[in-house]
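Here is a short report on a complex of protein chains and ligands. Please view the sequence and the structure first.

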Amino acid sequence: MSLPAEATVFAPSTSDRDQLAVLHPSTDLPALRRDGPLVIEQGKGIRVRDEQGREYIEGMAGLWCTALGYGVEELADAAAEQIRKLSFSHLFAGRSHEPAVALAEKLREMAPIANAKAFFGTSGSDANDTQVKLVWYCNNALGRPEKKKIISRRRGYHGVSLAAGSMTGLPTFHKSFDLPLPQFRHVTCPHHYRDAEPGETEAEFTARLAAELDELICAEGPETVAAFIAEPVLGAGGVVVPPEGYHPAIQEVLDEHDVLLIDDEVICGFGRLGTPFGAEAMDMKPDTVSVAKALSSAYLPISAVLVPDGMVDVIVEAGERWGVFGHGFTYTGHPVCAAVALRALELMEERNLFAHAARVGRYFQAGLRRFAGHPLVGEARGVGLIGACELVADKETRAAFPVHRGAGAYCQDRCLDHGLILRALGDTLAFCPPLIVTESDIDEILERFGRGLDETLAWVEAGGGAS
Amino acid sequence: MTELSTLSRSIAGRTALITGCASGMGRATAKLFAAEGAHVAATDIHGEGVRETVAEIEAAGREAAAWTLDVGDAGAIRRVVDEAAARYGGLDILVNNAGISRGGPIDADEYEERWQETVNVLLTAHQRMIRAALPYLRQSDSPRIVNIASTEGLGATAMNSAYSAAKTGVIGLTRGLAVELGREGITVNCICPGPIRTAMTARIPEEHKQIYARRRTALRRYGDPEEVAHGTLHLCLPASSFITGVALPVDGGLTVRRA
Ligand SMILES: NC(=O)c1ccc[n+]([C@@H]2O[C@H](COP(=O)([O-])OP(=O)(O)OC[C@H]3O[C@@H](n4cnc5c(N)ncnc54)[C@H](O)[C@@H]3O)[C@@H](O)[C@H]2O)c1
Ligand SMILES: Cc1ncc(COP(=O)(O)O)c(C=O)c1O
């Protein structure tokens, strides 16, 4: 491909044009207007290139999603083949097609719940909205129409659509959007480092959170509480690994009050924690499961809600009274997305990716923990191939930096200078590399992070951002 | 009041050979020079296009003749320069304008080929044209050489290294020859056009042109080929006798704008 030079020289860059035509999602928009975007153009393996040709290690797997890395030929072929054969067909009104069925079978075989049927969507958000709607529909069908409330955790992230956004427990996604909706409640985030009382042990902390949940359910009335939704490890809220025993303790409360557990595996699903699903690593016994992101390694948008046969039976029986089951998207089970997802899951199996993730995950966690001694790092945490370093102003008191100081953002930018993409969630630097990373890739990631972190320390000591 | 000297501000009656006259700045320069009364030897690889340019000039009652000339062809250069000089009884002005542009990254498979072609047409051709025209220019009382470089010879944009190298080379050639030929009174200058509406930039949509110009140029707009032609004309006037070796940006302030 040879473009006339002038046609590129005297043309605005993609970043110049961006500002005219694009409204960006989840972005500090005034800052974007000031600084312009970083335009990514190409990707191969765990690396991407920007429009200037600069290369970065994608330390965040995009948005926690590109498990198999970039440029996998088999997935390009799977997409091309399916597009040539049948680019679209749907699952409405009695239609079906092979790719959706084959993917559903594969998920039924892999799922962390028994006898799962799949309802497909295209994003984590729509999967979680579907979860809420299915629970509501079922409870209406079961003749308990008041059992509708959904409980989630503060700092949980479940997406941004109206129900998913209501379950998300981060103020940014609520304020000025009139969220959460009235049926949603939030409880304490299971982050011992931040949320435990002084001197409280992990076991005491866990017991307190279980009690808090129990009290909330009792106060609301158990007959009004339908489900509790949780990520096995909280991702976008700052990579929080709950204390050991947390999920079993929560489970006991849920069981007592007949409240379902919705397991949001959108990040943790498919090997992220070193197990096929996060539920296995975190000792969860979910009733239903949401998957997305790594389901297709982010090659195409696809999500799935996994629900047990019993719940589907309730929905089918309700059809006798109510007629058509009125939920579904044009792209539910999109054949191209489904074909690519199936191929992605096969590749994960062929390449023994989950075992690989478990092995390099241990190496990564050991490396990450070495930063715990750094003067800026309050906590280095994570499990498998997801991790974080939380920067603090004072290691002793755990005092955070003032928000406006932007220490996390500064560190993120320095890492970018060194060719490493991480994500600052406030002052917590998150790591979530593609699952195909090798130990030497991890060395490189941590070495680059170390340089960025040291520069951030120098900046903090020089009073940077403290005006 | 002391008498000002009366250096000529006209190219009337002079002969100008211009390359790349079928389109863009070459065509605009041919038409402007003819309108100013010069005899224009208009050349281009594109025979039909250059004949069209000449037809427009003739329709306006001015003097021009067309030659099909690929500046990548060394033999053809000699022949056409000789023919043009023979037709008009000499040569006063040479404008090296013909150009192509091929972008692409340094590690592209076709880079080597693209480099050869680019350097050949944009740089090697200039020295060949100049060497062929030199015997005639030496006979002129105001000999002028103008090479069309680019702002890409002053700075650079990614993915255009061959083009940028060639255009930087044009500036170097201009300077070297300005010094070398200065003792003979031959001036050698170059123009560095910025964003100009020609066939080369035609594929950039109008909206993108405006975004680019607003963000990057002082005048907040793209230039037209005539505006470059006027810059070239200025350097070719007999009165511009003390200007040599310059690389003149005609770029709406692209190169001076910082923010
Ligand atoms: N358009 C711009 O924005 C811009 C900016 C800076 C410099 N330039 C330079 O200006 C000059 C004129 O370009 P333009 O913008 O008018 O483009 P254009 O494409 O409109 O005209 C270029 C002309 O050169 C001719 N040509 C191409 N290869 C040739 C060859 N081997 N032999 C003879 N003629 C040949 C083409 O047929 C065409 O008529 C070029 O040297 C170009 O690099 C253009
Ligand atoms: C755990 C979790 N659930 C749901 C979502 C929402 O997914 P989407 O952005 O595809 O709507 C995300 C996205 O980051 C997530 O991390």
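The text below goes from the fold of one chain to the two ligand sites and then to two single residues.

## Chain A as a whole

The model is predicted. Chain A holds 17 helices and 15 strands. Its C-alpha trace spans about 65 × 65 × 45 Å along the principal axes. A compact globule of 467 residues would have a radius of gyration near 23 Å, and chain A agrees because its own value is 23 Å.

Burial follows next. Of the 467 residues in chain A, 55% count as buried. The exposed area of chain A is about 19800 Å², and 54% of it comes from carbon and sulfur atoms. Among contacts in chain A with a separation of 6 or more, 70% are between residues 24 or more positions apart.

## Helix α11 of chain A

Helix α11 of chain A covers residues 246-256. Its buried residues are A:Y246, A:H247, A:A249, A:I250, A:Q251, A:V253 and A:L254. An α-helix has 3.6 residues a turn, so residues three or four places apart point the same way.

What do the buried residues of α11(A) pack against? The partners are three strands and two helices of chain A: β5 (149-153), β7 (225-230) and β8 (260-264), together with α10 (202-220) and α12 (278-282). After α11(A) comes A:D258, which has a positive phi near 55 degrees.

## Ligand 2, in chain A

The surroundings of ligand 2 include A:S123, A:N128, A:Y157, A:H158, A:E231 and A:K293. By class, this shell has three nonpolar, six polar and three charged residues. Helix α7 (residues 124-141) of chain A gives the most to the shell, with three residues.

Polar atoms of the protein approach ligand 2 from both backbone and side chain. A backbone N or O atom of A:G124 is 2.9 Å from an oxygen atom of the ligand. For the side chain of A:S125, the distance from a polar atom to a ligand oxygen is 2.5 Å. A side-chain N or O atom of A:D264 lies 2.7 Å from a nitrogen atom of ligand 2. On its own, ligand 2 exposes 380 Å², of which the protein buries 83%.

## Ligand 1, between the chains

Where does ligand 1 lie? Its place is between chains A and B. Ligand 1 is surrounded by 30 residues, and the closest are B:S23, B:M25, B:D44, B:Y163 and B:T198. The shell divides into 17 nonpolar, nine polar and four charged residues. Two helices of chain B, α1 (24-35) and α5 (161-181), each supply at least two residues of it.

The polar pairs of ligand 1 are listed here.

| Residue | Protein atom | Ligand 1 atom | Distance |
|---|---|---|---|
| B:D44 | polar side-chain atom | oxygen | 2.7 Å |
| B:I196 | backbone N or O | oxygen | 3.0 Å |
| B:L69 | polar backbone atom | nitrogen | 3.5 Å |

Ligand 1 has 820 Å² of accessible area on its own, and the protein covers 94% of that.

## B:T198

B:T198 is one of the closest residues to ligand 1. B:T198 sits in the loop between β6 (187-193) and α6 (206-216) of chain B. Is this residue buried or exposed? B:T198 counts as buried because its relative accessible area is 15%, under the 20% limit.

A polar atom of the B:T198 side chain lies 3.1 Å from the backbone nitrogen of B:M200. Leaving aside neighbours within four places in sequence, B:T198 contacts B:G24, B:M25 and B:P225. B:M25 is also among the closest residues to ligand 1.

## B:E63

B:E63 lies in another loop of chain B, between α2 (47-59) and β3 (64-68). B:E63 is partly exposed because its relative accessible area is 29%, between the limits of 20% and 50%.

Which residues does B:E63 touch, not counting those up to four places away in sequence? They are B:A34, B:A38, B:H39, B:V40, B:I57, B:R87 and B:Y88. With B:Y88 there is also a polar contact of 2.7 Å between the side chains. The C-alpha atoms of B:E63 and B:G13 are separated by 9.7 Å, and these residues are 50 apart along the chain.

Technical notes. Residues are numbered from 1 along each chain as its sequence is written. Chains are lettered from A and ligands numbered from 1 in the order in which they are written. This is a predicted model: local features need pLDDT of at least 70, side-chain atom pairs count only at pLDDT 80 or more; totals for chains, interfaces and linings use all residues. Side-chain values use heavy atoms; hydrogens and water are left out. Helices (H or I, at least four residues) and strands (E, at least two) are DSSP runs, numbered from the N terminus. Buried means under 20% relative accessible area, exposed over 50%, partly exposed in between (1.4 Å probe, protein chains only). A polar contact is a pair of N or O atoms within 3.5 Å; within protein, one must be able to donate a hydrogen and the other to accept it, and residues adjacent in sequence count only if both atoms are side-chain atoms. Contact means heavy atoms within 4.5 Å. A residue is near a molecule or strand if one of its heavy atoms lies within 4 Å of it. Accessible areas come from the Shrake-Rupley method with a 1.4 Å probe; for residues, only the protein chains shown count as cover. Ala, Val, Leu, Ile, Met, Phe, Trp, Tyr, Cys and Pro count as nonpolar, Asp, Glu, Lys and Arg as charged, and the others, Gly among them, as polar. The radius of gyration is taken over C-alpha atoms; the globule rule is 2.2 Å times the number of residues to the power 0.38.
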